[in-house]
There are 2 protein chains.
Amino acid sequence: MATRAARGFGQYSGVARAVERVGERWALLIVRDLLGGARRYSDLKASLPRIPTNILSDRLKELQEAGVIRRVPTVRGGYELTELGHGLEPVVAALERWGWAVLGEPGEAETVSSDSLAFALRAAFRPDVAATLPPTEYVLHVAEVSLSAIVVGATLDVAPVGQGALPQPRRRSALEPVPQTVLELTVAPAALRDLLSGTDAARPRLDADPELVDRFTRTFRIEPAAPTPGALEVGVA
Amino acid sequence: MATRAARGFGQYSGVARAVERVGERWALLIVRDLLGGARRYSDLKASLPRIPTNILSDRLKELQEAGVIRRVPTVRGGYELTELGHGLEPVVAALERWGWAVLGEPGEAETVSSDSLAFALRAAFRPDVAATLPPTEYVLHVAEVSLSAIVVGATLDVAPVGQGALPQPRRRSALEPVPQTVLELTVAPAALRDLLSGTDAARPRLDADPELVDRFTRTFRIEPAAPTPGALEVGVA
DNA sequence: CGGGATCCCAAGCGATACTG
DNA sequence: CAGTATCGCTTGGGATCCCG
């Protein structure tokens, strides 16, 4: 369509092109969910309860045209990321980390999805710290979703507690001895935010082994809008 | 406005919240330009030639409400990032890097702005490699913009060749001896893309010292959609 | 003259109904 | 289950106008 050109930003720039491709409303949330593995149309619709079905349909088409996702040939209504789509992981992870700093309290009618929670854990995971700790399974219950995060060495393996939807490559932890140490936590969404940001506020109220809770907060952390030490800080002038 | 709630995604999630705050059309391009330092309304309008003036005005208001930018008190029409806004740098940098992989050829009517080029260089800068090379100034002419990038050790200092608009903290290189080695390059936008992505295609046609060109391509590089080795790769299942 | 505000139209979004 | 069709509403685009 000619609209594409008209909707562009008129700039030959990386950011502009990226936003043209994946900046439409809902698009990056779809990508985030697909970063957890292949999903069916109905899975996405369930994970994103407020997305209108025509918009989901439009976005899936556009993301296919952009080469970000493809259909899973063997599954009706199945979609998965292409390699290019997987390249968006740093983008989505950066958004996730910044977003936690401005999360605030949950609005009424705001829900927590299994995919969003799983992605948050993966974005918060600190492999270097985890490598120094014993193997542990964390079972989280947040609002109406539950998932299990198994940490062995520097690796993290997250899966919903119910069970997965599409046949995925079997979780790695099924191939190995599962750690005996299990921390089961039931927390409100905002309390999880405090836990992950290192705020001590939520911790004392948790009815769980304090040492394991400490292990959790050291393994998973999202700094509140870190000023990002790195190449880009240099020479801003 | 009550629209804000209605326009939300209904999810208590970092990505969702981030996109609600800075996902509106043009918003991240404004942030990108402000990552180069404070800018006036007219600077932004000139950097983003296709933005309607009302949209620029709306976005600036929204970004202020979101705590991402603030006005510069001493300068009429001046805006700058807050600390929270600076926290978006990893987001914009990740978009920039992914965007280069899908840049393609410049569309007709697509332009290159000084701010976008400067940001691309900063996103492509590899401080660890630069630290091993002698101090060098690179003067780039791409389409109708020109800028100077001074690399000394692991630090990069980019400035437009004309001159800056708002009084900025003086560029660091003004305080130090400027490197005598200067590489001046005049390249088409798409050729710069090839240079930065490490493709050898553009190099032989450059009329410049091959060793300095090599130094440039080692100092500045954007891998074409790297599969990002890191925490998030682990345990996708 | 730079920094915005107003207007109108077109395009995109959201809700619901409907079909293979 | 996996979408398509339709319709009203909201937002963005472009030009113009206003104000200090």
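Two worked exercises follow, on a sheet in chain B and on the protein surface at DNA strand D.

The model is predicted: local features need pLDDT of at least 70, side-chain atom pairs count only at pLDDT 80 or more, and totals for chains, interfaces and linings use all residues. Residues are numbered from 1 along each chain as written, chains are lettered from A and ligands numbered from 1 in written order, and side-chain values use heavy atoms, without hydrogens and water.

**Exercise 1.** Work out the strand order of the open sheet in chain B, and what packs on it.

*Solution.*
1. The order is β1-β3-β2, with antiparallel pairing. Strands are DSSP E runs of at least two residues, helices H or I runs of at least four, numbered from the N terminus. Pairing takes at least two DSSP bridges.
2. The edge strands of chain B are β1 (39-40) and β2 (69-71), each paired on one side only.
3. Between β1(B) and β3(B) (residues 78-81) there are 2 bridges. B:R40 stands opposite B:G78.
4. Helix α3 (27-34) of chain B packs on the sheet and touches β1, β2 and β3 of chain B. Contact means heavy atoms within 4.5 Å.

**Exercise 2.** Describe how the protein meets DNA strand D.

*Solution.*
1. Count the residues around DNA strand D: 23, with A:S42, A:S57, A:R71, B:R25 and B:R59 nearest. Near means a heavy atom within 4 Å.
2. Look at the DNA side. Of its atoms within 4 Å of the protein, 69% belong to sugar or phosphate, the rest to bases.
3. Check the serines. Phosphate oxygens of DNA strand D lie 2.7 Å from a side-chain N or O atom of A:S42 and 2.6 Å from a polar side-chain atom of A:S57.

Definitions and conventions: Axes fitted to C-alpha atoms, helices over the stretch in contact; angles between N-to-C directions. Polar contact = N/O pair within 3.5 Å; in protein donor to acceptor, adjacent residues only side chain to side chain.
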